[in-house]
Structure formats: structure tokens, C-alpha cells
Amino acid sequence: MSTLTWIISASLLGGVLSLSCAAVLTLSARISWLSVLISYAIGALLGAAFLNTLPEALELSNDPIQVTTTVLIGILLFFILEKLVLWRHCHIEDCEAHDPSHTAPMPNHHDHDHGRSGMIVIVGDTFHNFVDGILIATAFMADVQLGIVTSIAIIAHEIPQEAGDFLILLNSGYTRRKAFLLNLLSSLATLIGGMMAYFMLNKMSFLVQPLLALASASMIYVAMSDLIPSLHKRPELNATIQQVTLILLGIASIWLIGDFFHHD
């Protein structure tokens, strides 16, 4: 397949698969599965960042300090962007700290916010999906194997995120059908971001290396800042053992997939 076909396929598959799994989880009230998915997603993201995208960025660069500096700047940039989203959200309505694990309560139709927080989530998720599309395209432009591994890591963390979005939309008063359609439209931003990045990077290939470094920063930031803190809500030994096991499973699966394609 051509690189563009890989990008389109991965973007569409990622959106459809993560949205479908999230819908099944949410609409069947299997919320307890979210913590399992979050633990696995952490491992997949960290594995993809440290075993694939970061090494690839270092390989394409003659200056390792430049790569690590880009990663550092990227982490700070994502921190600032998340702060801006939180600031906007908390100025529209009273809110608590953002909970990226999305362990929101099941919706109560007598206690919703007339769609305000739901639309904020959709706008933020659309931007997030657009960036994911850019990351997928960047990875495929560097190497098909890297693109596949990156796509798997992105899908892994999209499932609990999409499930959380469903809960927030339902809690905002949206019907299940409308919540699904809004999430579906939002997921199309991944395809748009991927195609735009492909045509841009074809003419500006020098951007592949810094974008791979930013992709690493994005995955590290999401795993360490957004997902891991949610696991600390269950400090008991059994939960910790389960979390560590699933994180290691996520890392191992990314390593095995990368090793398989590397030797293919």
C-alpha cells in the first residue's frame, strides 16, 4: 500500500474502532473496564514513545540534544495547552480539576448542564483528534512499521477517552444517538489532520524529525500527566499489581509489534 493509503486506513480504523469500543463500554455500563484500558493505554503510549518514535527521531537527527530539547518544549507546550482548556472550562461553569480518566458519574437527566460541558469536550476532542492525525501521518512518513505501532498506541488511549466523552455528553443532556454522532464527527478530525500532514510533509520533509519528537512528547505527557494520576485513586495492593501488570503488557505489546514488523 502507498503511504497515503496507510495514513487514511489507520486514521479511519482508529476513529471507528475507538469510537465503537467506547460506545459498547459506555452504553453497556461496563465502566469498570475503563481502569483496565487506561492502564494498558499508559503502557502502549510509553512503549511507542520510548521504543519507537523517539529512537526514530534520534536516528534522523545529527544532534541528539536538539531532539531532546524538542521533546522538552513539547511537554511544556502540551502543559500550557491543557491549562488553557482548563481555564476556559472553569470560567464557563463551576468545575473541579479535569479528570482525564473520565470516571464521570452516569448521567442524571435531572442534573445536566444544558450541553455546555459536552460541547467543550467535543471541541477539545476534535482538536486532539486532529493532532493525532498529524502524529499518525508523521510516523508513516518516516516508516510504515513506526506508523503502525504509533497508530496502535493512539487507538489504545483513544478508547477510554472516547468512553469518557460519551459519559460527559450524556451527563450534559444529550441523547445516546446524538452523543454517538457528535463523537463520530469529532473522530473525522483524525483523517483530516492525517491528510493535511501528508501533503504538507511531502513538500517539507525536514519537519518529520521535529514532529516525531513532538509526537513522543505528546504520548509521554498524556501517559504521565493525564492517565497515571487517575490510577492513584486505587492505591490498594491488588489494584496496583493489576495496574503495573497491564502497563507492562502495553509496553510489551508495542515492543513485540515493533519487533515483528522490524524483522518482517
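Which exposure class does Glu236 count as, and at what relative accessibility? In this predicted model, Glu236 counts as partly exposed, with a relative accessibility of 40%. The side chain of Glu236 meets that of Arg234 in a salt bridge, with an N to O distance of 3.8 Å. Arg234 is likewise partly exposed, at a relative accessible area of 32%. Both residues fall in the intermediate class because neither value is under 20% or over 50%. The structure holds one salt bridge, and the pair Arg234 and Glu236 forms it.

The overall fold was examined next. The protein has eight helices and zero strands, and its pattern along the sequence reads α-α-α-α-α-α-α-α. The chain comprises 264 residues, of which 47% count as buried. When contacts between residues at least 6 apart in sequence are considered, 84% of them join residues at least 24 apart. The protein exposes about 13300 Å². Carbon and sulfur atoms supply 69% of that exposed area.

A nonpolar patch lies on the surface and is formed by Leu77, Phe79, Ile80, Leu81, Leu84 and Phe127. Together these residues have about 560 Å² of accessible area. Helix H3, which spans residues 64-92, gives the most to the patch, with five residues. Phe127 lies in helix H4, residues 116-142. The relative accessibility of Phe127 is 49%, and the residue counts as partly exposed. Phe127 can belong to a patch because its value is over the 30% relative accessible area that patch members must have.

In the interior, the largest nonpolar core has 46 residues. Ile42, Leu45, Ala153 and Leu227 are the residues with the most contacts inside this core. The elements giving two or more residues to the core are helix H1 (3-27), helix H2 (33-60), H3, H4, helix H5 (144-171), helix H6 (176-203), helix H7 (208-231) and helix H8 (237-263). Of these, H7 provides the largest share, 14 residues. A second core, separate from the largest one, consists of eleven residues. Among its members are Ala163, Leu170, Ala179 and Leu182. In soluble globular proteins, nonpolar side chains tend to be buried together.

Three individual positions were then considered, beginning with Gly250. Gly250 is placed in helix H8 and is buried, with a relative accessible area of 0%. The C-alpha atom of Gly250 is separated by 4.1 Å from that of Gly43, although the two residues are 207 residues apart along the chain. With neighbours within four places in sequence left aside, Gly250 is in contact with Tyr40, Gly43 and Ala44.

Thr53 has its place in helix H2. This residue is also buried, with a relative accessible area of 0%. Two polar atom pairs involve the side chain of Thr53. In one, the Thr53 side chain reaches the backbone oxygen of Ala49 at 3.4 Å. In the other, a polar contact of 2.8 Å joins the side chain of Thr53 to that of Ser216. Not counting residues up to four places away in sequence, Thr53 touches Ala48, Leu146, Thr150, Leu212, Ser216 and Met219. Ser216 thus appears both as a polar partner of Thr53 and in the list of residues that Thr53 touches.

Ser230 is found in helix H7. At a relative accessibility of 11%, Ser230 counts as buried, because this value is under the 20% limit. A polar atom of the Ser230 side chain lies 2.6 Å from the backbone oxygen of Leu227. Leu227 is also one of the residues with the most contacts inside the largest nonpolar core. The C-alpha atoms of Ser230 and Ser35 are separated by 8.4 Å, and the two residues are 195 residues apart along the chain.

Technical notes
Residues are numbered from 1 along each chain as its sequence is written. This is a predicted model: local features need pLDDT of at least 70, side-chain atom pairs count only at pLDDT 80 or more; totals for chains, interfaces and linings use all residues. Side-chain values use heavy atoms; hydrogens and water are left out. Helices (H or I, at least four residues) and strands (E, at least two) are DSSP runs, numbered from the N terminus. Buried means under 20% relative accessible area, exposed over 50%, partly exposed in between (1.4 Å probe, protein chains only). Contact means heavy atoms within 4.5 Å. Accessible areas come from the Shrake-Rupley method with a 1.4 Å probe; for residues, only the protein chains shown count as cover. A salt bridge is a side-chain nitrogen of Lys or Arg within 4 Å of a carboxyl oxygen of Asp or Glu. Patches are made of residues with over 30% relative accessible area and no salt bridge: like charges are joined within 9 Å, nonpolar side chains (Val, Leu, Ile, Met, Phe, Trp, Tyr) within 5 Å. A nonpolar core is a set of buried Ala, Val, Leu, Ile, Met, Phe, Trp, Tyr and Cys residues joined through side-chain atoms within 4.5 Å. A polar contact is a pair of N or O atoms within 3.5 Å; within protein, one must be able to donate a hydrogen and the other to accept it, and residues adjacent in sequence count only if both atoms are side-chain atoms.
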